[in-house]
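Subject: Structure handover

Hello,

Here is the structure you asked for. My notes on what was found in it come after it.

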Amino acid sequence: HRWMATAAPGHDPHSAPPKTALLRRPASLTEFVGRDGSASRLLRLLTFLNDRDPLLCTSFCAEMPAACVVLGRGATEQFVAPCVKNALVDGDTRVVCAALYGMRRLADAGLL
């Protein structure tokens, strides 16, 4: 899927909006790429955090827990949860609030 490669991390100030759009509906994204390869493709979304855009990080923390249902507990604990935990100490309060919300969603889903 070349569309994921074009949304790879970078320093282009215009790159955050398409990345944020991909994070808005991770369940739909899973359906689009198919369940067989969804874990590896969804984990590529972790690279979006290299962008350092606060709104992108906010979207990741708030929306990625929906995709974690597909990823499962192991991948969530190993890859996603550490990223969300790191966001808990971000300097932007919006990111911290989204991280708290994301951790709650992960806990409520039994993924932590």
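Asp92 counts as buried, because its relative accessibility is 16% and the limit for buried is under 20%. Please keep in mind that this is a predicted model, and that goes for every value below. The side chain of Asp92 forms a salt bridge with that of Arg94, at 2.6 Å from N to O. Arg94 itself is partly exposed, at 44% relative accessibility. This pair therefore joins a buried residue, Asp92, to a partly exposed one, Arg94. As general background, side chains of opposite charge can pair when their charged atoms come close.

Arg94 also turns up in the surroundings of Thr58, a residue of helix H5. Setting aside neighbours within four places in sequence, Thr58 is in contact with Arg94, Val95 and Ala98. Thr58 is buried, with a relative accessible area of 18%.

The other salt bridges

How many salt bridges does the structure hold? There are three, and the pair described above is one of them.

Another is between Glu77 and Arg73, whose side chains meet at 3.0 Å, N to O. Both residues belong to helix H5, which covers residues 54–87, and they sit four residues apart, about one turn of the helix. Glu77 is partly exposed at 37% relative accessible area, and Arg73 is partly exposed at 42%.

The remaining pair is Asp108 and Arg104, with 3.6 Å from N to O. Here the spacing is again part of the picture: Asp108 and Arg104 are four residues apart in helix H6 (residues 93–108), so about one helical turn separates them. Asp108 is exposed, with a relative accessible area of 58%. Arg104 is exposed as well, at 54%.

Overall fold

The protein chain has six helices and zero strands. Read from the N terminus, its elements run α-α-α-α-α-α. The chain has 112 residues, and 43% of them are buried. Among contacts with a separation of 6 or more, 65% are between residues 24 or more positions apart.

Nonpolar core

Which residues have the most contacts inside the largest nonpolar core? They are Phe60, Cys61, Met64, Cys68, Leu71, Val80 and Val84, in a core of 24 residues. H5 and H6 are the elements that give two or more residues to this core. H5 gives the most, with 13 residues. In general, nonpolar side chains tend to be buried together in soluble globular proteins.

Cys61 is worth a separate entry. Not counting residues up to four places away in sequence, Cys61 touches Val84, Ala87, Ala98, Ala99 and Gly102.

Largest pocket

The largest pocket has a volume of about 250 Å³. It is lined by 13 residues, and the closest to its centre are Leu49, Asn50, Arg52, Cys57 and Asp90. H5 supplies the largest share of the lining, five residues. By class, the lining has eight nonpolar, two polar and three charged residues.

Two further residues

Phe79 is found in helix H5. Is Phe79 buried, exposed or partly exposed? Phe79 is partly exposed, because its relative accessible area is 33% and that value falls between the 20% and 50% limits. Leaving aside neighbours within four places in sequence, Phe79 is in contact with Leu43 and Leu46. Phe79 and Leu43 are 36 residues apart along the chain, while their C-alpha atoms are separated by 7.6 Å.

Val89 lies in the loop between H5 and H6. Val89 counts as exposed, with 73% relative accessibility. Val89 and Ala99 are ten residues apart in sequence, and their C-alpha atoms are 9.2 Å apart in space. Ala99 is also one of the residues that Cys61 touches.

Regards

Definitions and conventions
Residues are numbered from 1 along each chain as its sequence is written. This is a predicted model: local features need pLDDT of at least 70, side-chain atom pairs count only at pLDDT 80 or more; totals for chains, interfaces and linings use all residues. Side-chain values use heavy atoms; hydrogens and water are left out. A salt bridge is a side-chain nitrogen of Lys or Arg within 4 Å of a carboxyl oxygen of Asp or Glu. Buried means under 20% relative accessible area, exposed over 50%, partly exposed in between (1.4 Å probe, protein chains only). On a 1 Å grid over the protein atoms alone, a cavity is a set of points where a 1.4 Å probe fits but cannot get out, and a pocket is an open set with protein on both sides within 12 Å along at least five of seven lines; lining residues have an atom within 4 Å of a point. Grid points are joined across faces, edges and corners, and a volume is the space filled by probe spheres set on the points. Ala, Val, Leu, Ile, Met, Phe, Trp, Tyr, Cys and Pro count as nonpolar, Asp, Glu, Lys and Arg as charged, and the others, Gly among them, as polar. A nonpolar core is a set of buried Ala, Val, Leu, Ile, Met, Phe, Trp, Tyr and Cys residues joined through side-chain atoms within 4.5 Å. Contact means heavy atoms within 4.5 Å.
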